[in-house]
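Welcome! Here is a short tour of some rings, charges and backbone turns, written for someone meeting this structure for the first time.

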Amino acid sequence: MLKPAHPKQCELEMVTLEELVPADHLLRHIERHIDFGFIRVKTAHLYSADNGRPALDPVALFKMLFIGYLFGIRSERRLVKEIEVNVAYRWFAGLNLTERVPDASTFSQNRRRRFAGTGIEQEIFDGIVEQALQHGLIGGQVLYTDSTHLKANANKNRFEVHQVDQKPAAYLAELDAAVEQDRQAHGKGPLPPKPPKSETREVKVSTTDADAGYMTREGKPQGFFYLDHRTVDGKHAIITDTHVTPGNVHDSQPYLRRLDRQCERFALTPEAVGLDAGYMSALICHGLQQRALYGVIGYRRPSHQEGYFYKRQYSYDAAREGYVCPAGQFLPYRTTNRMGYREYHSDPARCGGCPQRGQCTKSATHTKVVVRHVWDDAKERVDQHRLSERGKRIYARRKETVERSFADAKELHGQRYARFRGLERVRAQCLMAAAAQNIKKIARLLAQLLRSFSRHHIRQALAAALSSPCRLSLCELAA
């Protein structure tokens, strides 16, 4: 029969917070396998040791922030409300059932006053990666890198057009040296000094968030965005590096610098890297060759003018140092320009009467010029890697590693949008989100290994007991 309902909310129960958290809860695995004590050491110099009001324990503060990133709670005010009513969150943060949860302004004021400009988020991220290394969860043999966009907290229609100085690329000195070396090898004199001049370009600058970059990419939304450049390890897709730039910065610009940073910081010695087609440039391929890395980069169909020959139809003859056109004419080397391209010129006398000239060039002087970068050998070598069996295996894992990492970040950890304004704060957001993903993955992997280890030892003990002359009872085996 149906009994009348009796309210039980006011009954006194003797329970502990420990009993209320399920044994298989994610936060239990994290608490068991992740050591957060290093945060207190890293932040000790930011607190006064002998005066002022008692501060919130930095470990508890960052644990509460990690709850937000782990469970996709984008608002810190909302995070406080969730911790108030969720016993698992209270348990993880070290709060009892009746203890007051810190106000949301505690997080924002610590971020603005205590942690701004300290790089503490980078140190916390690095500390989590070091723990993954200690547990053997990072192989370091293959690293995958890609970028994804985060919508900036700015209206794309509110901007000003500014003239900004065109900064010279960081690799220009190395390129100039390569150009001079190449010209000397071909018997050409050095190029005359280039007169210094200030080059400017027009850029859209948001009136809301001046650090965001206006992104215009094929197949991507237009507007103000940030780019999260992320590298993951091929073994368990642990994130080993994350770096944020404005949305108008090309993927390839920070790549080599960030690759060197993580190899030095974590003593990684990768053998290969997997990149998407946006990284295919002579500079990147040359950099990978210098670092003795087996680079595998995706293919992007080159731009082509309808009705003209493809560049691949001009075959390169390395022995004679020149190209052979589709009509059979040999185009010898002429010079190497400042941009690092070797120029190969045709004979206008032969081109003038060529029946295929309309598909080859529309030059008024009937001269076809084919160019080849001084680092194109490295580029062709990397392109061949993509077609090899090893390269195919490496590239196929991109979707399971870095692409999956970004998908999880956007779907589960609130990484579709920038929570803050300003490059430094968005960088801190991406570091914390990446650290949270690593924490979750490390905890789950170690919990799974622990379960497998326990089952293995149980099977061994059972087999030993059954084969023993003195059979043990099930109760004795359990003991």
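## Aromatic pairs

This is a predicted model, and a search of the whole structure finds 13 aromatic pairs in it. One of them joins phenylalanine 71 and tyrosine 89: the pair is tilted, with 5.2 Å centre to centre and 40 degrees between the planes. Phenylalanine 71 belongs to the loop between α4 (58-70) and α5 (76-85), while tyrosine 89 is in helix α6 (residues 87-93), so this pair ties together parts that are 18 residues apart in sequence. The two partners can be told apart by their surroundings: phenylalanine 71 is partly exposed, at 31% relative accessible area, whereas tyrosine 89 is buried, at 7%.

Another pair to look for is made by tyrosine 333 and tyrosine 344, which meet edge-to-face, 6.0 Å centre to centre and with 70 degrees between the planes. Here the parts tied together are 11 residues apart in sequence, because tyrosine 333 lies in strand β11 (residues 330-336) and tyrosine 344 in strand β12 (residues 341-345). Tyrosine 333 is buried, with a relative accessible area of 15%, and tyrosine 344 is buried too, at 0%.

## A tyrosine cluster and charges over rings

Now follow the rings a little further. Tyr333 and Tyr344 also belong to a cluster, linked by ring pairs, that includes Tyr316 and Tyr323. Which charged end sits over the ring of tyrosine 316? That of arginine 372, at 3.9 Å from the ring centre. Elsewhere, lysine 63 places its charged end over the ring of phenylalanine 92, 4.9 Å from the centre of that ring.

## A nonpolar patch on the surface

On the surface, Met339, Tyr341, Val369 and Val371 make a nonpolar patch of about 330 Å². Take valine 371 as an example: this residue is found in strand β13 (residues 369-373) and is partly exposed, with a relative accessible area of 31%.

## Two residues with positive phi

Finally, have a look at the backbone. Alanine 292 is not a glycine, yet its phi is positive, near 55 degrees. Its place is in the loop between α11 (282-290) and β8 (294-297), and at 66% relative accessibility alanine 292 counts as exposed.

Glutamate 321 has a positive phi as well, of about 55 degrees, although it is not a glycine. This glutamate lies in the loop between β9 (315-317) and β10 (322-324). Is glutamate 321 buried or exposed? With a relative accessible area of 18%, glutamate 321 is buried, since the cut-off for buried is under 20%.

Note on methods. Residues are numbered from 1 along each chain as its sequence is written. This is a predicted model: local features need pLDDT of at least 70, side-chain atom pairs count only at pLDDT 80 or more; totals for chains, interfaces and linings use all residues. Side-chain values use heavy atoms; hydrogens and water are left out. Rings of Phe, Tyr and Trp (its six-membered ring) pair if their centres lie within 6.5 Å; planes under 30 degrees apart count as stacked, over 60 as edge-to-face and the rest as tilted. Helices (H or I, at least four residues) and strands (E, at least two) are DSSP runs, numbered from the N terminus. Buried means under 20% relative accessible area, exposed over 50%, partly exposed in between (1.4 Å probe, protein chains only). A charge sits over a ring if NZ of Lys or CZ of Arg is within 6 Å of the ring centre and within 35 degrees of the ring normal. Patches are made of residues with over 30% relative accessible area and no salt bridge: like charges are joined within 9 Å, nonpolar side chains (Val, Leu, Ile, Met, Phe, Trp, Tyr) within 5 Å. Accessible areas come from the Shrake-Rupley method with a 1.4 Å probe; for residues, only the protein chains shown count as cover. A salt bridge is a side-chain nitrogen of Lys or Arg within 4 Å of a carboxyl oxygen of Asp or Glu.
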